[in-house]
Amino acid sequence: MHDRVQELLNSIEESRSIPLPEHVELWVDHRKKQIRSDIELLRQPRAYEHVLLEYVQRQYERRQERADPLCTCPNRCPVKEGRLPARLRTATSIDEGMRDYRQVHVGQPLVLDEGYEAYRDLVAHVVTELERVHTAMLREELPPDADTDGLDVDIPETDAEGHTSSTDASEVEA
Ligand SMILES: [Zn+2]
């Protein structure tokens, strides 16, 4: 499991005892549900390898539509056949395997670079979402740009300064 993701999951678990306003609780549950499958994916022992392989396979299927080749080498090679190079799987870490492979391979395995980006983007997305959820739990309020579409809940209306209008209606009219 990615360290930052695990750390946030722990913090969220620890904050669960804080009673939240109903609309915040609903929003938090909704966001957690949205990223559940991504979290499950990152929880797998070989998440990085898994994401990388899925990316390479998907790009292999779409190779005719791609602007760039899967790999720039002139030969047949694993990524051009939708597989991860064996070196990646046998190395102590994928990163190390990637470095090794680059040194020995005669071309640039573009699809592996993209797969790495895909994994990094996935982790960044999950981290951002978990941070938003955790902050909302600590502040007991929704983030200013919270998307509440599809949530069956009354959100207290806020004025431009972010105050709840019900706290002082006369100020809004003035
Ligand atoms: Zn190649």
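Here is a friendly walk through this predicted model, from its overall plan to a few individual residues.

Let us begin with the whole chain. Its secondary structure comes to 7 helices and 0 strands, and reading along the sequence gives the pattern α-α-α-α-α-α-α. The chain has 174 residues, of which 18% count as buried. If you take the contacts between residues at least 6 apart in sequence, 70% of them join residues at least 24 apart. Keep that in mind as you trace the chain.

A good helix to find next is α6, which covers residues 110-139. Several other helices pack against α6, and we can visit three of them in turn. Two packed helices are described by the angle between their axes and the distance between the axes.

Start with α1, residues 3-14, whose axis comes within 10 Å of that of α6 and crosses at roughly 20°. Angles under 35 degrees count as roughly parallel, so α1 and α6 are roughly parallel to each other. The crossing of α1 with α6 is left-handed. On the α1 side, the contact is made by Arg-4, Val-5, Leu-8, Leu-9, Ser-11 and Ile-12. The α6 side includes Val-123, Val-126, Val-127 and Leu-130. Sorted by class, this contact between α1 and α6 has 10 nonpolar, 2 polar and 2 charged residues.

Now turn to α2, residues 22-43. Here the axes of α2 and α6 are 10 Å apart, and the packing angle is about 155°. Because angles over 145 degrees count as roughly antiparallel, α2 is roughly antiparallel to α6. α2 also passes α6 in a left-handed crossing. Among the residues of α2 that make the contact are Val-24, Trp-27, Val-28 and Ile-35, while α6 brings residues including Leu-122, Val-126, Glu-129 and Ala-136. By class, the contact of α2 with α6 has 12 nonpolar, 1 polar and 5 charged residues.

The third partner is α3, residues 47-61, with an axis that comes within 9 Å of that of α6 and crosses at roughly 130°. That angle makes α3 oblique to α6. The crossing of α3 and α6 is right-handed. Tyr-48, Val-51, Leu-52, Tyr-55, Val-56 and Gln-59 of α3 make this contact with Val-111, Glu-114, Gly-115, Ala-118, Tyr-119 and Leu-122 of α6. Between them, the two helices supply 9 nonpolar, 2 polar and 1 charged residues to the contact.

Where do the nonpolar residues gather? In soluble globular proteins, nonpolar side chains tend to be buried together. In this model, the largest nonpolar core has 27 residues. Those with the most contacts inside this core are Tyr-48, Val-51, Leu-52, Val-56, Val-79, Val-111 and Ala-136. The elements giving two or more residues to the core are α2, α3, α5 (94-104) and α6, and the largest share, 7 residues, comes from α6. Tyr-48 is worth finding on screen: leaving out residues up to four places away in sequence, Tyr-48 touches Ile-94 and Tyr-119.

Let us finish with three single residues. Is Ala-47 buried or exposed? Ala-47 lies in helix α3 and is buried, because 20 other C-beta atoms lie within 10 Å. Ala-47 and Tyr-119 are 72 residues apart in sequence, yet their C-alpha atoms are 8.7 Å apart in space. Not counting residues up to four places away in sequence, Ala-47 touches Leu-41 and Leu-42.

Ala-91 sits in the loop between α4 (86-90) and α5. With 16 C-beta neighbours inside 10 Å, Ala-91 counts as partly exposed. Beyond residues up to four places away in sequence, Ala-91 touches Glu-96, Gly-97 and Asp-100. Its C-alpha atom is separated from that of Tyr-101, 10 residues apart along the chain, by 9.9 Å.

Our last stop is Glu-140, in the loop between α6 and α7 (169-173). Glu-140 counts as exposed because it has 12 C-beta neighbours inside 10 Å. What is notable about the backbone here? Most residues other than glycine have a negative phi. Phi of Glu-140, however, is near 60°, a positive value.

Terms used. Residues numbered from 1 in each chain as written. Predicted model: local features only at pLDDT ≥ 70, side-chain atom pairs only at ≥ 80, totals over all residues. Helix = DSSP H or I, 4+ residues; strand = E, 2+ residues; numbered from the N terminus. Axes fitted to C-alpha atoms, helices over the stretch in contact; angles between N-to-C directions. Parallel < 35°, antiparallel > 145°, perpendicular 65-115°, else oblique. Left-handed = near helix turned anticlockwise from the far one by under 90°. Contact = placed C-beta atoms within 7 Å. Nonpolar A, V, L, I, M, F, W, Y, C, P; charged D, E, K, R; others polar. Core = buried A, V, L, I, M, F, W, Y, C linked by C-beta atoms within 7 Å.
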